[in-house]
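Biologist: I'm happier at the bench than in front of a model. Could you walk me through how to read one?

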Amino acid sequence: MANTLLMPKATAVWLVDNTALSFEQIAQFCKLHPLEVGAIADGDSAQGIKGMDPIMTGQLSRDEIEKGEADPDYRLKLSEPKVRVPESKRKAPRYTPVSKRQDRPNAILWLVRNHPELKDAQVSRLVGTTKATIEQIRNRTHWNSSNLVPMDPVTLGLCTQIDLDMEVQKADRGRDHTAVPSGDTLLPASETETLNPDAAASSEPEEEELDASKVFAKLSSLKSTDEADGEDKG
């Protein structure tokens, strides 16, 4: 967390009243304009604001003030805080620029249609909206439902493709993929493409005909042999 001055205007009031620092030095330290510091000194600005001692708050040392008073070109430096408060790691809600907020309903409609597995909380994280708005768009009770057009939130710049893919993967992991379809089902195309109905229907008769022809051929050869033997005997 960056070290910043607390209550800059109140600090400026105290420095004007209690030090010989220049307006420029006070303005630089308090992040104000020199003219505003001059107005404070003249009583035209910050009326009613009680000065805050930066030495008491530990943000400025007495030695630092004395260095500034001795050298008008010296720039005051904030004292290092004695206690550092760790930054909160809680992720802030997604901020959507005002120029893109009108596109959110279209993005919600796109997500609802193309990724029905996403929960309302996931849609809300992606485009920065409320569950009530998502529900209205799902049920087509939104005030502008008739004019909504599904639009990819990534294309609109409301979220990144990585964010969208991550949310879809999370939703997909929660779905049940073990369901078995009931009733008669069609064979896969990869199996039906290799089937030849005519060949399948005629395969068995062809075998029977082939076997019958072999039998008749054998009988004919036996008959011819018998007739030849009879002629030889005659």
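Modeller: Sure. Let's begin with burial: a residue with under 20% relative accessible area is called buried. Isoleucine 65 comes out at 0%, so it counts as buried. Keep in mind that this is a predicted model.

Biologist: Where does isoleucine 65 sit?

Modeller: Isoleucine 65 is part of helix H4. Its C-alpha is 7.6 Å from the C-alpha of leucine 21, although 44 residues separate the two in sequence.

Biologist: And isoleucine 49, is that one buried or exposed?

Modeller: Neither, really. Isoleucine 49 has a relative accessible area of 35%, so it is partly exposed. You'll find it in the loop between H3 and helix H4. Isoleucine 49 also has a partner from elsewhere in the sequence: valine 13 is 36 residues apart from it, with 7.6 Å from C-alpha to C-alpha.

Biologist: What share of the protein chain is buried?

Modeller: Buried residues account for 28% of the 234 residues in the protein chain.

Biologist: Let's zoom out. How many helices and strands are there?

Modeller: The protein chain has twelve helices and zero strands. Written along the sequence, that gives α-α-α-α-α-α-α-α-α-α-α-α.

Biologist: How do I read the way two helices pack, say H1 and helix H2?

Modeller: Look at the distance between the axes, then at the angle. For H1 and helix H2 (residues 23-30), the axes come within 9 Å and cross at roughly 155°. Angles over 145 degrees count as roughly antiparallel, so H1 is roughly antiparallel to H2. The crossing of H1 past H2 is right-handed.

Biologist: What about helix H6 and H7?

Modeller: Helix H6 (residues 104-114) packs with H7 at about 140°, and their axes are 11 Å apart. That angle makes H6 oblique to H7. Here, too, the handedness is given: H6 passes H7 in a right-handed crossing.

Biologist: On to charges. How many salt bridges does the count come to?

Modeller: For a salt bridge, you look for a side-chain nitrogen of Lys or Arg within 4 Å of a carboxyl oxygen of Asp or Glu. The count comes to three. One of them joins the side chains of lysine 9 and glutamate 36, at 2.8 Å from N to O. This pair links distant parts of the chain, with lysine 9 in helix H1 (residues 8-18) and glutamate 36 in helix H3 (residues 34-42), 27 residues apart.

Biologist: Are lysine 9 and glutamate 36 buried or exposed?

Modeller: In between. Lysine 9 is partly exposed at 29% relative accessibility, and glutamate 36 is partly exposed at 25%.

Biologist: Which residue does aspartate 120 form a salt bridge with?

Modeller: Aspartate 120 pairs with arginine 138, and their closest N and O atoms are 2.9 Å apart. Again distant parts of the chain are linked: aspartate 120 lies in helix H7 (residues 120-127) and arginine 138 in helix H8, 18 residues apart. Arginine 138 is partly exposed, at 31% relative accessible area.

Biologist: Then what does glutamate 167 pair with?

Modeller: Glutamate 167 forms a salt bridge with arginine 125, with 3.0 Å between the closest N and O atoms. Glutamate 167 is in helix H10 (residues 161-173) and arginine 125 is in helix H7, so the pair ties together parts 42 residues apart in sequence. The two ends have their own labels: glutamate 167 is buried at 8% relative accessibility, whereas arginine 125 is partly exposed at 42%.

Biologist: How many disulfides does the structure hold?

Modeller: Zero. To call one, you'd need a pair of cysteine sulfur atoms within 2.5 Å. As for burial, cysteine 30 is buried with a relative accessible area of 1%, and cysteine 159 is buried at 7%.

Biologist: One last kind of feature, the polar contact. What does the side chain of serine 145 reach?

Modeller: The side chain of serine 145 reaches the backbone oxygen of histidine 142, at 2.9 Å. Serine 145 is placed in the loop between helix H8 (131-138) and helix H9 (153-156).

Biologist: Is serine 145 buried or exposed in that loop?

Modeller: Buried: the relative accessible area of serine 145 is 9%.

Technical notes. Residues are numbered from 1 along each chain as its sequence is written. This is a predicted model: local features need pLDDT of at least 70, side-chain atom pairs count only at pLDDT 80 or more; totals for chains, interfaces and linings use all residues. Side-chain values use heavy atoms; hydrogens and water are left out. Helices (H or I, at least four residues) and strands (E, at least two) are DSSP runs, numbered from the N terminus. Buried means under 20% relative accessible area, exposed over 50%, partly exposed in between (1.4 Å probe, protein chains only). A polar contact is a pair of N or O atoms within 3.5 Å; within protein, one must be able to donate a hydrogen and the other to accept it, and residues adjacent in sequence count only if both atoms are side-chain atoms. Axes are lines fitted to C-alpha atoms, for helices over the stretch in contact, and angles run from 0 to 180 degrees between N-to-C directions. Angles under 35 degrees count as roughly parallel, over 145 as roughly antiparallel, 65 to 115 as roughly perpendicular and the rest as oblique. A crossing is left-handed if the near helix is turned anticlockwise from the far one by less than a right angle, and right-handed if clockwise.
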